[in-house]
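Reader: I am new to reading protein models. Can you walk me through the features one by one?

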Amino acid sequence: MASERMADGHDGDLPEPRIPEPRPSERPSGTRAPEPRVPEPAVPDPRPLDAIDRDILQILHTDGRASIRSVAERVHVSRANAYARINRLIDDGVIRGFGARINHERAGQGASAYITLKIVQNTWRTVREHLRALPGASHIALVSGDFDVLLLVHTPDNRALRELVLTRLQSIPEVLSTRTLLVFEEDDMEPDS
């Protein structure tokens, strides 16, 4: 019975007590109730990678469309083993997805820019959700230094870029300031084949 509880993640401990929030009448005037914390989804610790796992990652990074059969042949394991390893890498969050490398200019996204943002302290999660909803946003990073967030965007032209920066970004209440760095030329660092 005890071993069943342990297997289910219950070890017999009682849940942590909840501390009730003070009623509005008990709060000092001018203060708001703290925002409830949204827990991040639990991601298991990744298992160590061996040389075969690293070879599989390199192959898939170079060609995300590689078949299980070709991956298995190139790393000298069975198809079942290659399939199981790839699934484990996905389950562990090592492989986050598969996609295409896009030439943004040829795809009608002729204007690109890195935009730096200074944001209100402790608002990263809120700002991140706003930025994810922006058309053309392709990379978002919380960084250290003179600014807080680095955003890469691709837009059809400079007019659309101007609209995105001056209307969409500046209307996010948590954004204190922005700086736009136009990209004149870009080159994806494609892995060696």
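**Reading contacts, charges and cover**

Author: Start with one short distance: the backbone oxygen of valine 120 lies 2.5 Å from a polar atom in the side chain of threonine 123. This is a predicted model, where local features need pLDDT of at least 70 and side-chain atom pairs count only at pLDDT 80 or more, while totals for chains, interfaces and linings use all residues. Residues are numbered from 1 along each chain as its sequence is written, and side-chain values use heavy atoms, with hydrogens and water left out.

Reader: What counts as a polar contact?

Author: A polar contact is a pair of N or O atoms within 3.5 Å. Within protein, one atom must be able to donate a hydrogen and the other to accept it. Residues adjacent in sequence count only if both atoms are side-chain atoms.

Reader: Where is threonine 123 found?

Author: Threonine 123 sits in the loop between β1 (111-119) and α5. Helices (H or I, at least four residues) and strands (E, at least two) are DSSP runs, numbered from the N terminus.

Reader: How many helices and strands does the chain have?

Author: Six helices and four strands. From the N terminus on, their order is α-α-α-α-β-α-β-β-α-β.

Reader: Is threonine 123 buried or exposed?

Author: First the cut-offs. Buried means under 20% relative accessible area, exposed means over 50%, and partly exposed lies in between (1.4 Å probe, protein chains only). The areas come from the Shrake-Rupley method with a 1.4 Å probe, and for residues only the protein chains shown count as cover. Threonine 123 has a relative accessible area of 13%, so it is buried. Across the chain of 193 residues, 23% count as buried.

Reader: What is the relative accessibility of alanine 113?

Author: Alanine 113 is at 0%, so it counts as buried. Its place is in strand β1. Alanine 113 and leucine 161 are 48 residues apart in sequence, yet their C-alpha atoms are 8.1 Å apart in space.

Reader: Now charges. Why can side chains of opposite charge pair?

Author: They can pair when their charged atoms come close. A salt bridge is a side-chain nitrogen of Lys or Arg within 4 Å of a carboxyl oxygen of Asp or Glu.

Reader: How many salt bridges does a search of the whole structure find?

Author: Seven. One of them joins the side chains of arginine 85 and aspartate 50, at 3.0 Å from N to O. That pair links distant parts of the chain, 35 residues apart: arginine 85 is in helix α4, and aspartate 50 is in the loop between α1 (2-7) and α2 (51-62).

Reader: How much cover do arginine 85 and aspartate 50 have?

Author: Arginine 85 is buried, with a relative accessible area of 14%. Aspartate 50 is partly exposed, at 32%.

Reader: Which residue makes a polar contact with the side chain of arginine 85?

Author: Asparagine 81, through its side chain, at 2.8 Å. Helix α4, which holds arginine 85, covers residues 79-91. Salt bridges also link Asp50, Asp53, Arg85 and Arg88 in a network.

Reader: Which residue forms a salt bridge with arginine 69?

Author: Glutamate 73, with the closest N and O atoms 3.3 Å apart. The two are four residues apart in helix α3 (residues 68-75), so about one helical turn separates them. Arginine 69 is exposed, at 52% relative accessible area.

Reader: And where do glutamate 129 and arginine 132 lie?

Author: Both are in helix α5 (residues 124-132), three residues apart, about one turn of the helix. Their side chains meet in a salt bridge of 3.0 Å, N to O. Glutamate 129 is partly exposed at 44%, and arginine 132 is exposed at 53%.

Reader: Which residues form the negative surface patch?

Author: Glu105, Glu185, Glu186, Asp187 and Asp188. Patch residues have over 30% relative accessible area and no salt bridge; like charges are joined within 9 Å, and nonpolar side chains (Val, Leu, Ile, Met, Phe, Trp, Tyr) within 5 Å. Lys and Arg count as positive and Asp and Glu as negative, while His and the chain ends are not counted. A charge is placed at NZ of Lys, CZ of Arg, CG of Asp or CD of Glu. Glutamate 186 is in the segment after β4 (175-183). It is partly exposed, at 41%.
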